[in-house]
Amino acid sequence: MIPPTFDYHVPKTLPEAVGLLAKLGQSGEEAKVLSGGQSLLPLLKLRLARPAHLVDIGRIPGLDYIKEEGGYLKIGALVRESQLDASELVRTKYPILTDTSEVIADPLVRNQATVAGNLAHGDPANDHPATMLAVGAEVEITGPKGKRTVPVKEFFTGIFSTALEAADVLSEVRVPVPPPGSGGAYVKLERKVGDFATAGAAAFLVIAGGKIEHAGIGLTNVGPTPIKATDAEQFLVGKKPDAATFAEAARRAAAASSPSPDRRGQEDYKREMARVLTLRALTKAAERAAKTGGK
Amino acid sequence: MATHKITVTVNGAPREAQVESRLLLVHLLREVFRMTGTHIGCDTTHCGACTVLLDGQPVKSCTVLAVQADGRSVRTVEGLETDKLHPVQEGFMQEHGLQCGFCTPGMMMTACALIESNKNPNEDEIRRAISGNLCRCTGYVNIVKAVQYAAAKSR
């Protein structure tokens, strides 16, 4: 399949990219940001998107950093999934991110696909959104009026819709540095390597004095947007991290889902999988929390 | 629609082309450069038959634009053989790592990248590395053996 025709632009800096997007937007033609292209190019080939312009941010230098700074793990716009996968810092201190990156698509796709693109695409079937909801991440958006920060919980506004405006670029993902006694995990059910999730669940817990001080739960592909299971999160706070507590939280998380039936399963099955996966994610998160100095 | 003049180093030799924005890397290789060793399988980023190394990293060339490869280096199956077979080619031959051969160019490029970064991959590592390359006839048992053979030969 050959993509429809478009004009291709290669800005050298982020401000140049934003300026170009703003200018193209004023002309009334659609312009899309290209980074790894692993979601966008298939959409073009299937004619599900027909932008008149692609603005390739892939050649802007200095956007492929992974660093801790100011209380956050900062992931630059051009960090590939394979780079996140290979990061020793991420693997040891943010294992929930490694859980996520290593189940996205397949290793070849991960050599091109970017973490920021996985969020910016706004697909409820993508894996990073649930994880970023669970860990309370935020994104930095660079637009015509400068930079602004949006919490991931406010980023997904509808199916394939995000807080990004036409001339915006998602320039950085920020994950709070986890406190002692915290742990997170992401688990995904997929039919085969490379498939989108039948369902997926991310959990992040902060445990202090034998009680859950903070909880974050995100769900993949069981609704029109990535889902933050707030009822389950609130239920967990102040409780002991035991099996009965997690079972009830998992039930509440599943109740917050609204899956659609498709080839991956019926609605009831997917909701049940959301429950099972949430339970597994919570259990694994608690195990990891116990190893990071939780009392 | 504007076209772009690009230079891509293919198997060590710089090649120039004037291309449309929408031209895919796999089509650049097969139809502009007439190098048909790289196969098109599913054309939907699933099967990995079109795998090439882009700056040393295996990628699916049906999901990369030719313009994205401008100024970069591409290695294809045609670049494996020198005066003798590459250890990966020899491994696939010795261990019967192919039947129909359709997935083989992509499979070999992924294997090539793996053994360059991991001199002694175990079965689990090999299976993970090739999990984006589908084979529908040989089966993976002999492909794993072929990669192990190549790794041993390269050490």
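In chain A of this predicted model, four strands make up an open antiparallel sheet, in the order β11-β12-β13-β14. Its edges are β11 (182–189) and β14 (227–228), each of which pairs on one side only. If you follow β11(A) across to its partner β12(A) (residues 199–208), you will find eight bridges joining the two antiparallel strands. One position to pick out on screen is A:Gly184, which stands opposite A:Phe204 in β12(A).

Stay with this region for a moment, as it leads into the nonpolar core. The largest such core has 137 residues, and those touching the most other members are A:Ala201, A:Ala202, A:Ala203, A:Leu205 and A:Ala253. Helix α11 of chain A (residues 267–291) provides the largest share of this core, with nine residues. As a general point, nonpolar side chains in soluble globular proteins tend to be buried together. A:Ala202 makes a good viewpoint: beyond its neighbours within four places in sequence, its contacts include A:Ile96, A:Ala130, A:Leu133, A:Tyr186, A:Ile217 and A:Ala281. A:Gly184 is also among the contacts of A:Ala202.

Now for a contrasting part of chain A. Strands β6(A) (residues 138–143) and β7(A) pair in the antiparallel sense over six bridges, forming a hairpin with two residues between them. Within this pairing, A:Glu138 has A:Pro151 in β7(A) as its bridge partner. Why does strand β7(A) (residues 146–151) lie largely in the open? Of its six residues, the number buried is zero, so the strand is largely in the open.

Chain B offers a helix worth turning end-on. Helix α5(B) (residues 140–154) has 15 residues and reaches 21 Å from its first C-alpha to its last, close to the 21 Å expected at 1.5 Å a residue. Its buried residues are B:Ile143, B:Val144, B:Ala146, B:Val147, B:Ala150 and B:Ala151. Seen down the helix axis, these fall within an arc of 160 degrees, so they line one face of α5(B). The cover over these buried residues includes α2 (87–94), α3 (104–117) and α4 (123–129) of chain B.

Finally, let us bring the two chains together. Here 25 residues of chain B are in contact with 22 residues of chain A. On the chain B side, β4 (57–60) and α4 each supply at least two residues, and β4(B) gives the most, with four. What is the chemical make-up of the side of chain B that touches chain A? Its residues divide into eight nonpolar, 13 polar and four charged.

Notes:
Residues are numbered from 1 along each chain as its sequence is written. Chains are lettered from A and ligands numbered from 1 in the order in which they are written. This is a predicted model: local features need pLDDT of at least 70, side-chain atom pairs count only at pLDDT 80 or more; totals for chains, interfaces and linings use all residues. A residue is buried if 20 or more other C-beta atoms lie within 10 Å of its own, exposed if 12 or fewer, and partly exposed in between; C-beta atoms are placed from the backbone. Two strands pair if DSSP finds at least two bridges between them. A nonpolar core is a set of buried Ala, Val, Leu, Ile, Met, Phe, Trp, Tyr and Cys residues joined through C-beta atoms within 7 Å. Two residues are in contact if their C-beta atoms, placed from the backbone, lie within 7 Å. The expected span of a helix is 1.5 Å times one less than its number of residues. The arc is that of the directions from the helix axis to the C-beta atoms. Ala, Val, Leu, Ile, Met, Phe, Trp, Tyr, Cys and Pro count as nonpolar, Asp, Glu, Lys and Arg as charged, and the others, Gly among them, as polar.
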